[in-house]
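User: I am new to this structure and would be grateful for a close look at one part of it. Please describe the strands and how they are joined.

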Amino acid sequence: MTDPFDEFLRMAAELRSLRRSTKTADLLYSKEAYEGHWSKVKDSITESIAAGEDLPTILSSLRPRPQMTRKSRSPAMLSITKSLGFDVDGARPTIRPTAVNGYFVPSANIEPMYEILKVARESKYIVELGAGPGWNLLDLCIWLGRKIREKVFYGLEYASSGVETINFVSQSFNLPILGHQFNFMDPDISYIPDNESALIFTHHSIEQVENISKKLYDQILERKSTTHVIHVEPIGWQRFPEIIDARKNNDEVFFQALNVKKNSLLDTSFAAAAFSALHSWKVHYNINALSLIDEFKKHANVHEIERVIDFNHSYNANPFNASTYIRLRYDPVCSPP
Ligand SMILES: C[S@@+](CC[C@H](N)C(=O)[O-])C[C@H]1O[C@@H](n2cnc3c(N)ncnc32)[C@H](O)[C@@H]1O
């Protein structure tokens, strides 16, 4: 039997004339888009604070959870739901395809924010890179309760409106969260104290940046205390060298072929990765994080604790942009995992 992956590689070679449309990508994912987005969030929070609302109430009105049902009734979503044996009639299917280990399945069982919470409990400094308006850090503050008084949180963000929102909410509720400007392309985390343990995490922020700088990992390796690193990013597809090469070589034909062939890959263990690779190509998402992480973990003082590929969770209900969770630990003094 022909390998479906080989089949689509062959097809890529035949589709020399096709070109992709790039019309929405830059508009949707530019810095300007997030400036406007987070400034609306700030306006809404300002109104809620003026009305005397508490933090959990504000958070749940901003970002209802869990977001386990997906509004989309796109033909692809419905046909995959059907192929899994579920009813797609009714206003909004309550069963949705989700992705884990490369397959589409009816449910997923990992909540990365809870994994982040577990590590946050044992860390003095908690740092989110690409934190948006800081709502993940606010979730952590609520879950950690009075323990937050023993900790310092850093919300590092590219869009100024995000940084402003973080500092505004932090000051309004007297929280130990500091917002700072940050750019994955020229990162600086040198001011995060390293006298005690830290957790540095990313949650669907690296995805936005086609190529992040290796300097981030170089700076982690300079730290003097245990540093936990957790990434929750849609980068699992980057394990396939053929797809990475196609992105690096700007091989439009390859992705057009993948687009045409994607449904024939549904029974394979890389279905979710293939769809996520396609999504990443369409919107110019990240292409180098997995290789940098794999390089980082080769260091003798770095241990990979856990990796779960291609899955959905409460804050990412899109199976076509499946998350991958990677947890690592850096100890300045070499020790077993
Ligand atoms: C999808 S949002 C995720 C925000 C937050 N981490 C969350 O889980 O909701 C992506 C975030 O990445 C930020 N971002 C985009 N480009 C960046 C860059 N070069 N450096 C740092 N953050 C960036 C955006 O401004 C935005 O806040």
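Analyst: The following account begins with the protein as a whole and then follows a series of paired strands.

The model is predicted, and its pLDDT averages 86, with 85% of the residues scoring at least 70. Residues 21–29 have a pLDDT below 50; this stretch has nine contacts in the model beyond near neighbours in sequence. For residues 66–70 the pLDDT is also below 50, and that stretch has 12 contacts beyond near neighbours in sequence. The protein contains 13 helices and nine strands. Of its 337 residues, 40% are buried. Among contacts with a separation of 6 or more, 78% are between residues 24 or more positions apart.

Strand E3 is a suitable place to start. This strand covers residues 125–129, and because five of its five residues are buried, E3 is largely enclosed by the rest of the structure. In a regular strand, side chains alternate between the two faces of the sheet. In E3, Tyr 125, Val 127 and Leu 129 point one way, while Ile 126 and Glu 128 point the other way, and all are buried.

E3 pairs with E4 and with E6. It runs parallel to E4, with five bridges joining the two, and Leu 129 stands opposite Leu 156 of E4. Helix H7 (residues 135–144) forms a right-handed β-α-β unit with E3 and E4. Five bridges also join E3 to E6, again in parallel; here Tyr 125 stands opposite Ala 198.

From E4, the pairing continues to E5 (residues 177–181), in the parallel sense and over five bridges. Gly 155 of E4 stands opposite Gly 179 of E5. These two strands and helix H8 (residues 160–172) make a right-handed β-α-β unit.

One residue of E4 deserves separate attention. Glu 157 lies in this strand, which spans residues 152–157. Glu 157 counts as buried because 26 other C-beta atoms lie within 10 Å, where 20 or more are required. Leaving aside residues up to four places away in sequence, Glu 157 touches Gly 130, Ala 131, Gly 132, Gly 162, Val 163, Ile 166, Gly 179 and Phe 182. Its C-alpha atom is separated by 8.3 Å from that of Glu 128, although the two residues are 29 residues apart along the chain.

From E6, the pairing leads to E7. Strand E6 (residues 198–203) pairs with E7 in the parallel sense over six bridges, and Val 232 in E7 is the bridge partner of His 203. Helix H9 (residues 215–221) joins E6 and E7 in making a right-handed β-α-β unit.

E7 itself covers residues 227–233 and is mostly covered, with seven of its seven residues buried. Thr 227, Val 229, His 231 and Glu 233 point one way from E7, and His 228, Ile 230 and Val 232 point the other way. E7 also pairs with E9 (residues 323–330), in the antiparallel sense and over seven bridges. In that pairing, Thr 227 stands opposite Tyr 330.

The ligand completes the description. Among the 18 residues around the ligand, Tyr 34, Gly 130, Gly 132, Tyr 158 and Ser 205 come nearest. The shell around the ligand consists of eight nonpolar residues, nine polar residues and one charged residue. Gly 130 and Gly 132, both named among the nearest residues, are also touched by Glu 157.

Conventions:
Residues numbered from 1 in each chain as written. Predicted model: local features only at pLDDT ≥ 70, side-chain atom pairs only at ≥ 80, totals over all residues. Near = placed C-beta within 6 Å. Nonpolar A, V, L, I, M, F, W, Y, C, P; charged D, E, K, R; others polar. pLDDT = per-residue confidence, 0-100. Contact = placed C-beta atoms within 7 Å. Buried ≥ 20, exposed ≤ 12 C-beta atoms within 10 Å, placed from the backbone. Helix = DSSP H or I, 4+ residues; strand = E, 2+ residues; numbered from the N terminus. Pairing = 2+ DSSP bridges. Right-handed = clockwise from strand over helix to strand, strands pointing away.
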